[in-house]
Every structure is written in C-alpha cells, then in structure tokens.
Amino acid sequence: MRKLPALIAASTVLAAVALPPASAALPVAQVHTKQFGMAAAAAEPPTYDATPLKSYPAFDANQAIAVDAKYFYAVNNTTITKHDRRTGEPLLQFAGDEDGPFIHMDSGMVLGNKLYAVHSNYSDWPMESSIEVFDTKTMRHIDSYSFGIYRGSLTWLDRHDGAWWAGFANYDDVSDETGEPYGQTYNTQIVKLNDKFEPLASYTIPKQILDRFKPMSNSGGSWGPDGRLWLTGHDLGEAYVMELPTAGSELRWIATVNLPDVQGQGIAWDRSDPRHPTFWAISRPDRLVHTFSMPVTSIKTPTAKGWSVLGPGQFRK
C-alpha cells in the first residue's frame, strides 16, 4: 500500500478555504449594495431529459457502475461484479472478506485494463479514504493508494485532460459515533490530482446543488464527451452539468438533466465509442443498471463574464 505524503494533508488546511468566483459568488438574491439595493433572484440553469436506452439486472448495483467497451462493473460495498455488456450475464465477482479490509466501495472507473474503485470507511469516524485497483480481466486486487484521513470521504474518481479528478464528500447526516454532522455537506470538494494522486487544484460545488444533496452529498462524477463534469447526489434522479470556473473556486452550473428511474449514486460515461457515447447509472432499490442517451449538443454555455474594465469617468466609487 502506498501512503500519500504527509505534506498533502497539511496543505489541505489552506486548500479547503474556497473563495467563490466573481461570476457566481452568491445567489443573486443575496447580493446587496448601498447603491442598487437587493437584486432580483437568479434563475436556475435549464433542465433537460435523458433518453433511456437499455437496462440490465445487476445484484451488485447498489453503489455505482463502471464501464468499458465490452463489460460493465456493478459496484457494491465490498463486492464488484463484472458483466457482459451484450447479454448482461455476470461473469466474475471480486468479493471482499466480511471482516475487511474493504468497508465501503463507492464507485469505479476503467482506464485501460485497470478498474479504479474508490473506497472509504463510511460511516466510521474520522473519515479515511483510498483508491483500490483491480485487473479487469481477472478481477483480482492489484494495488492500493491510501489518502488516510483527508478532505472527506472519497466517493468518485475519473481521468480527464491528463489528470485525475476526485470527489471528497462531506455530510450533514449525523454520525452515530460523534453525534455531530459527518463533515458538513458544504465542505464537499472536487479535487484535481496529478499521477501520484497529489492535489493540483480544488473546487467547490454551488450551494444550490449542495442544498439538494443534503443531508447527504456528492456521490458520482464523470467527465462527459462534451468536456464538462457531470455530477450526481445520493438520492435524486438528476445529473448536474458543470464547467470549471474562469475565476474563483466554485464550479459553474450549466444545466440539469433528469434521469428517469435513477436515485443518485455513482455514474459513468462510456467513452469507448466516441461516436456514440452513453451515460450509465443505477437504480439501487431495483438493482438495475440503466443506460441513457444525453442531450449533450443541446446544452449551451451561457455568457457570463462577471467583471468589466472601466476607463476614466466610469470608475466605480
């Protein structure tokens, strides 16, 4: 097992203090100035509907789904089952022992012939997280990267633009051990990591979305073919389409997509066929895996500069 440098943990104290970007610092209804008074409420981004394609029964579809060109992988707390995409037939299962060390695998993603599953000790305190790596051919566990006690509970991992991206969730749900909120939902972060899983940048999720997640948090994340980050919560059948901010630390909310018969949890974009990318999600009550066609080309980025450069006679005083 590889332990990340202690310096990373120390650096997170400063990194966790996130300032909102100029273009999305507060909901407009909360912005007040002496000159202009209270502004009008800001409208939410547009909402679209996903188009269902195919569903598969999968007894391990309790936490998340991962996918490659030929197989999909249903993720449960201590088990992951590999299925044939054509028939849906279960082929192999990794099964962790009842007494550990696997406690709570939250989601997974496939890169090459490796399945990267994120793992935490949820709902034990303090929060511990790791990345567990499996050989997709044999489903054997082959590697582990430990974060130890870090920014929260690791819930998803993806690869995009030459870097790793991870969601570290915190919760308003009260811990049985401490009687206090399990980290507080507003402390949830999206972290960009290098190849050694060291932090490069951290981002926050808009509070309007976190309020929908409460008392839980961000459960799923996957970069889409549109170059945008798609996020899900723990319970709602919605995907939130996000872009990186042009300034500040808060991700920019571009759109919401309704996901019929989905109740949040881990998601995956199938990027194996760039001509026909599909979106994968689960229904945990029904133990089903669902695939969707998404309205990617319909989602437009609104213009929002957030600042201006003023000349003489225009200065704001």
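Begin by selecting phenylalanine 279 and phenylalanine 292 in this predicted model, where phenylalanine 279 stands opposite phenylalanine 292, a residue of β24. The strands β23 and β24 pair in the antiparallel sense, and five bridges hold that pairing. If you follow the chain from one strand to the other, you will find that β23 and β24 form a hairpin with four residues between them, and that arginine 287 in the turn has a positive phi of about 50°.

Keep phenylalanine 279 on the screen and add tryptophan 269. The ring centres of tryptophan 269 and phenylalanine 279 are 5.4 Å apart and their planes stand at 80°, so this pair is edge-to-face. Tryptophan 269 belongs to strand β22 (residues 268–270) and phenylalanine 279 to strand β23 (residues 278–283), with the two residues 10 apart along the chain. Are these two residues buried or exposed? Tryptophan 269 has a relative accessible area of 4%, under the 20% limit, and therefore counts as buried, while phenylalanine 279 is buried as well, at 0% relative accessibility.

Next, colour β24 (residues 288–293) together with β5 (residues 51–57), two strands that run antiparallel and are joined by six bridges. One place to look at in this pairing is threonine 51, which stands opposite serine 293 in β24. As a general rule, strands of a sheet pair through backbone hydrogen bonds, either parallel or antiparallel.

Now turn to asparagine 76, which you will find in the loop between β7 (71–75) and β8 (79–84). Although asparagine 76 lies in a loop, its relative accessible area is 13%, and so it is buried. Which side chain makes a polar contact with the side chain of asparagine 76? Select asparagine 62, whose side chain makes that contact at 3.0 Å. If residues up to four places away in sequence are left aside, asparagine 76 touches Phe59, Asp60, Asn62, Gln63, Met105 and Arg287; the last name in this list, Arg287, is the residue with positive phi in the turn of the β23–β24 hairpin.

From β7 you can move on to a charge placed over a ring: the charged end of lysine 82 sits over the ring of tyrosine 71, 4.2 Å from the ring centre. For another arrangement of this kind, select lysine 214, which lies over the face of tyrosine 186 at 3.9 Å from the ring centre.

The next stop concerns aromatic rings. A search of the whole structure finds 23 aromatic pairs, and among them is the tilted pair of tyrosine 171 and tyrosine 182, with 5.7 Å from centre to centre and 45° between the planes. Both tyrosines are in the loop between β15 (163–169) and β16 (189–193), 11 residues apart, and both are buried. After these, select Tyr116, Tyr145, Trp164 and Phe197 together, since they form one aromatic cluster.

Finish with an open sheet of five strands, whose order is β4-β21-β20-β19-β18 and whose pairing is mixed. Its edge strands are β4 (47–49) and β18 (220–223), each of which pairs on one side only, and neighbouring strands of this sheet are turned by 25° against each other on average, with direction ignored. Within the sheet, select β20 (residues 238–243) and β21 (residues 252–258), which run antiparallel and are joined by six bridges. Which residue of β21 is the bridge partner of methionine 242? The partner to select is tryptophan 253.

Terms used. Residues are numbered from 1 along each chain as its sequence is written. This is a predicted model: local features need pLDDT of at least 70, side-chain atom pairs count only at pLDDT 80 or more; totals for chains, interfaces and linings use all residues. Side-chain values use heavy atoms; hydrogens and water are left out. Two strands pair if DSSP finds at least two bridges between them. Axes are lines fitted to C-alpha atoms, for helices over the stretch in contact, and angles run from 0 to 180 degrees between N-to-C directions. Buried means under 20% relative accessible area, exposed over 50%, partly exposed in between (1.4 Å probe, protein chains only). A polar contact is a pair of N or O atoms within 3.5 Å; within protein, one must be able to donate a hydrogen and the other to accept it, and residues adjacent in sequence count only if both atoms are side-chain atoms. Contact means heavy atoms within 4.5 Å. Rings of Phe, Tyr and Trp (its six-membered ring) pair if their centres lie within 6.5 Å; planes under 30 degrees apart count as stacked, over 60 as edge-to-face and the rest as tilted. A charge sits over a ring if NZ of Lys or CZ of Arg is within 6 Å of the ring centre and within 35 degrees of the ring normal.
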